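User: Could you walk me through how some labels for this model are reached? I would like to see each value set beside its rule.

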Amino acid sequence: MGNPLYDRLFGRHAGKTTPFLHLPDGRVVTHTEFLDMSSRIANALTGLELEPGDRVAIQVEKSPEALALYAACAQTGLIFLPLNTAYTTAELSYFIENSEASLVVCDQANEAGLRPIAQAQNAQLVTLNADGTGSLMRRALGMLPAFEPVKRSESDLAAFLYTSGTTGRSKGAMLTQANLLSNAETLVREWRFTPEDVLLHALPIFHTHGLFVATNVILASGGSMIFLPKFDLDDILRLMPKATSMMGVPTFYTRLLDDDRFTGDLTRHMRLFISGSAPLLAETHERFQARTGHRILERYGMTETNMNTSNPYDGERRAGTVGFPLPGVELKVTDPDTGENLPQGEIGIIEVRGPNVFDGYWQMPEKTAAELREDGFFITGDLGRVDPDGYVHIVGRGKDLIISGGYNIYPKEIELVLDDQPGVLESAVIGVPHPDFGETVLGILVAEPGQSPDAEAILATIQTELARFKHPRKLIMLDKLPRNTMGKVQKNVLRDYYRGLFTKG
Ligand code: MLC
Ligand code: AMP
């Protein structure tokens, strides 16, 4: 039976001495070195007496060792549960408890804060720092660089990725080996990745885009990655001449275009630029083509489904659209109220079905039932339509969600924190256009009678509760919130009113 995820992404490179990771300082990690590292970590994890199916909650900086931990989880059948490095201890506490993690892996700097949380959960804790040091690697370095992968099948769970919800509580999306493999192998074919590809990888590896799209596609194709700790414009410009392809969120592309050093010459040799995770403005697409001659290939996906649609590699990459459903993915547009199929061309909720669609939310059967239909269609919450040529257009969101620089932010989670602040009667959090992040968070507060809440103090307080990227960039006081006749806050009215706050237009 083997272990399909390990065998098809990692094990297939056994014995290869070709580069897998090119690091910004010029060092190279070959496939063999990477697999040795992963096997040592797998032996170290086995020594901790973890069982296949146990959850490993991981908040570590991007490094070759962090990626090898992903491979080691595949090898040992442990469930890989990566967490955003920006999350506060308060946020992490929820994920560790909710997932009933057996092991927590964190940076040494966060050990003191996380140890009591891990202990309360009876979870073990090891450290892994950005430079590859820490107790995990100390243990691993004493182990043999060989490990027989634990037997698994494609229906076994491989990873949990937490995704926030409209109620404010995050849900653990359970992804199987088949979800990850089917998508990676489809994308390799659709986007023509080969062993000659060198991907400029500046995305974080705790979300779908950097991990299951970028990394898995390179593993499944046999190519290599220029593996950067984060998006740094100077590094990108310096290293692009060595790359063949890049994947990024729209902010990557607007930042490149805003820099005069980014020229057509710098991109002449490039094969492919891909964008996703947030809408790429048609204007950005066109500016990019005017500057470089390349048409960015935009695709659409989500945590629960990996990738659903993509613009074509060979055909027309149509600006402002996310292309066609991927092979094996069925897509339909339904009436938000009745769930019935809508006639071609009409706007409704996008639903998708296919081998890419997840297994449900961890221990949340009601939430799973509300979003994943019995016939396998997942209700994405995105509003879209299909044009006469079959291109899918995302025209908005049926869900109350802000996407800032590719990170999803659910207003409810922030409103719950703001409502708790001294002198605050109620709040509304909305997303407004932002030149760098696409959208950014704006908080609107209504004071309790006779009170005048201190915005500075509120922003300081929420630092310990919410990750920095969720913080409102501005707090505005209003006497009351606009409401419809049903008493529901009219966020569309607020969004329209404040849409120019951070942009010139
Ligand atoms: C950083 N900050 C952000 C932010 N990123 N604030 C809002 N939104 C963001 N996305 C904060 C920093 O903490 C900092 O705080 C300040 O904003 C300025 O930071 P910066 O130096 O300009 O940001 P930078 O580190 O360069 O990061 C920006 C970014 C990064 C866009 C490069 O956020 C990024 O890599 N985003 C990619 C997210 C991603 O991978 N999404 C995929 C999800 S998967 P201070 O304190 O200094 O003010 C998915 C499915 C799919 O959606 O389809 O792919
Ligand atoms: P996440 O939950 O982080 O996986 O984010 C998924 C959401 O990002 C989707 O439901 C969409 O709303 C959005 N998204 C991803 N790719 C695109 C895209 N190309 N255009 C518009 N929205 C996108």
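User: Which hand does the crossing have where helix 2 passes helix 3?

Analyst: Happy to help! This is a predicted model, and in it helix 2 passes helix 3 in a right-handed crossing. That label is given when the near helix is turned clockwise from the far one by less than a right angle.

User: Why are helix 2 and helix 3 called oblique to each other?

Analyst: The axes of helix 2 (residues 31-47) and helix 3 (residues 64-76) cross at roughly 60 degrees and come within 8 Å. Roughly parallel needs an angle under 35 degrees, and roughly perpendicular runs from 65 to 115. The angle fits neither range, so helix 2 and helix 3 are oblique.

User: What makes up the contact of helix 2 with helix 3, by class?

Analyst: It divides into 11 nonpolar residues, five polar and one charged. Helix 2 brings Phe34, Met37 and Ile41, among others, while helix 3 brings residues including Leu67, Leu69 and Glu65. Glu counts as charged.

User: Why are helix 4 and helix 5 described as roughly parallel?

Analyst: Helix 4 (residues 89-99) and helix 5 (residues 111-120) pack at about 30 degrees, with axes 10 Å apart. Angles under 35 degrees count as roughly parallel, and therefore this pair gets that name. Helix 4 also passes helix 5 in a right-handed crossing.

User: Which residues make that contact between helix 4 and helix 5?

Analyst: Helix 4 supplies Thr89, Leu92, Ser93 and Ile96, and helix 5 supplies Gly113, Leu114 and Ile117. By class, four are nonpolar, three are polar and none is charged. Gly is placed with the polar residues in this scheme.

User: Now the ligands. What makes the pairing of Glu298 with ligand 2 a polar contact?

Analyst: A nitrogen atom of ligand 2 is 2.9 Å from an N or O atom in the Glu298 side chain, and the cut-off is 3.5 Å. The side chain of Lys399 has an N or O atom 2.7 Å from an oxygen atom of ligand 2, and a polar side-chain atom of Asn408 lies 2.7 Å from an oxygen atom of that ligand. Both Lys399 and Asn408 are listed among the nearest of the 15 residues around ligand 2.

User: How do you know that Lys230 makes a polar contact with ligand 1?

Analyst: One of its polar side-chain atoms lies 3.4 Å from an oxygen atom of ligand 1, which is within the 3.5 Å limit.

User: Which backbone atoms lie by ligand 1?

Analyst: A backbone N or O atom of Gly301 lies 3.2 Å from an oxygen atom of ligand 1, and one of Gly406 lies 2.9 Å from a nitrogen atom of the ligand.

Note on methods. Residues are numbered from 1 along each chain as its sequence is written. Chains are lettered from A and ligands numbered from 1 in the order in which they are written. This is a predicted model: local features need pLDDT of at least 70, side-chain atom pairs count only at pLDDT 80 or more; totals for chains, interfaces and linings use all residues. Side-chain values use heavy atoms; hydrogens and water are left out. Axes are lines fitted to C-alpha atoms, for helices over the stretch in contact, and angles run from 0 to 180 degrees between N-to-C directions. Helices (H or I, at least four residues) and strands (E, at least two) are DSSP runs, numbered from the N terminus. Angles under 35 degrees count as roughly parallel, over 145 as roughly antiparallel, 65 to 115 as roughly perpendicular and the rest as oblique. Contact means heavy atoms within 4.5 Å. A residue is near a molecule or strand if one of its heavy atoms lies within 4 Å of it. A polar contact is a pair of N or O atoms within 3.5 Å; within protein, one must be able to donate a hydrogen and the other to accept it, and residues adjacent in sequence count only if both atoms are side-chain atoms.
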